[in-house]
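Colleague: Please take one part of this structure and describe it closely for a reader who has not met it before. I should like one connected account, with each term explained where it enters.

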Amino acid sequence: MRIISGLYKSRKIVAPKNLPVRPTTDMAKESLFNILNNYYYFNEISVLDLFAGTGNISYEFASRGTEQIISVDQDFGCIKFINQTSEKFEMPIQTIKSDVFKFLEKTNIQSNIIFADPPYNFSDEQFAKISNLVFTNNILLEDGLLIIEHSKHTNLSELENYQYSKSYGGNVFSFFEKD
């Protein structure tokens, strides 16, 4: 994976092979950030990266100037890799090793952007639970976006607060906002 833009533009980051991850493709990530670039000044927002995996999305936000980034993943190897990479590049990424659902149930953190990239084989109920917890527990700030990445075989358009989706190959980003 590579960082698309910002301070660390074109830097390649090679994750260990043994991590249980499926990083967002560079093409899909570039398209996502082209959308976000129209809505936000990256140095003025806070980001919550759920199911962070390799930290791919967190690194992109950090490279673009975001200084408040929290990456949540339950895998110790993923958290260790994010910590090592963010320390190497002096990126302001805080990590939390936790089951994402338990984290969402207990946190009092609020963010402008919440990005969730759960396993593609999640059930419809599990995808819905992410959205429900974010909005029920008021984790998304006003004018914020919840973005859930999923496969083209999953349809989240019936969920509350759903706004629209964008597809890039087999990847789909569904966007949610407070009503």
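**The sheet and what packs around it**

Modeller: Seven strands make up an open sheet of mixed pairing, in the order β3-β2-β1-β4-β5-β7-β6. At its edges stand β3 (93-97) and β6 (162-168), each of which pairs on one side only. From one strand to the next, the twist averages 15°. Strands (E, at least two residues) and helices (H or I, at least four) are DSSP runs numbered from the N terminus, and two strands pair if DSSP finds at least two bridges between them. The model is predicted, with local features needing pLDDT of at least 70 and side-chain atom pairs counting only at pLDDT 80 or more, while totals for chains, interfaces and linings use all residues. Residues are numbered from 1 along each chain as its sequence is written, and side-chain values use heavy atoms, leaving out hydrogens and water.

Strand β2 (residues 68-73) is a good place to begin. Five bridges join β1 to β2, and the two run parallel; Ser46 has Gln68 in β2 as its bridge partner. The pairing of β2 with β3 is also in the parallel sense, over five bridges, and Val72 stands opposite Ile96 in β3. Five of the six residues of β2 are buried, so this strand is largely enclosed by the rest of the structure. Buried means under 20% relative accessible area, exposed over 50%, and partly exposed in between, with a 1.4 Å probe and protein chains only.

Two helices lie across these strands. Helix α2 (residues 56-63) crosses β1 (46-50), β2, β3 and β4 (111-116), and runs at about 175° to β2. Helix α3 (residues 76-88) lies across β2 and β3, at about 165° to β3. These angles run from 0 to 180 degrees between N-to-C directions, with axes fitted to C-alpha atoms, for helices over the stretch in contact.

Helix α2 deserves a closer look. Eight of its eight residues are buried, so α2 is largely enclosed by the rest of the structure. They are Asn56, Ile57, Ser58, Tyr59, Glu60, Phe61, Ala62 and Ser63. Their cover includes α1, β1, β2, α3, β3 and β4. After α2 comes Gly65, with a positive phi near 105°.

Helix α1 also has buried residues, namely Ala28, Lys29, Ser31, Leu32, Phe33, Ile35 and Leu36. Among the elements covering them are α2, β4, β5, β6 and β7. Leu32 is in contact (heavy atoms within 4.5 Å) with Ile57, Phe115, Ile147, Phe173 and Phe175, leaving aside neighbours within four places in sequence.

Leu32 also belongs to the largest nonpolar core, which has 32 residues; Leu32, Leu36, Phe61 and Ile147 have the most contacts inside it. At least two residues of this core come from each of α1 (26-36), α2, α3, β4, β5 (140-151) and β7 (171-176). The greatest contribution is that of α1, with five residues. Apart from this core lies another, of 23 residues, including Ile70, Phe103, Ala116 and Val134. A nonpolar core is a set of buried Ala, Val, Leu, Ile, Met, Phe, Trp, Tyr and Cys residues joined through side-chain atoms within 4.5 Å.

A contrast to these buried residues is Gly169, in the loop between β6 and β7. Gly169 counts as exposed because its relative accessibility is 58%. Not counting residues up to four places away in sequence, Gly169 touches Met27 and Lys152. From Ser31 it is separated by 138 residues in sequence and by 11 Å in space, C-alpha to C-alpha.

The aromatic rings come next. Rings of Phe, Tyr and Trp (its six-membered ring) pair if their centres lie within 6.5 Å; planes under 30 degrees apart count as stacked, over 60 as edge-to-face and the rest as tilted. By this rule there are 13 aromatic pairs. In one of them, Phe51 and Phe122 have ring centres 5.6 Å apart and planes at 85°, so the pair is edge-to-face. Phe51 lies in the loop between β1 and α2, and Phe122 in the loop between β4 and α5 (124-136), so the pair ties together parts that are 71 residues apart in sequence. Both Phe51 and Phe122 are buried. Ring pairs link these two with Phe101 and Phe127 into a cluster.

Charged side chains also meet rings. The charged end of Lys129 sits over the ring of Phe101, 4.8 Å from the centre, and Arg22 lies over the face of Tyr120, at 3.5 Å from the ring centre. A charge sits over a ring if NZ of Lys or CZ of Arg is within 6 Å of the ring centre and within 35 degrees of the ring normal.
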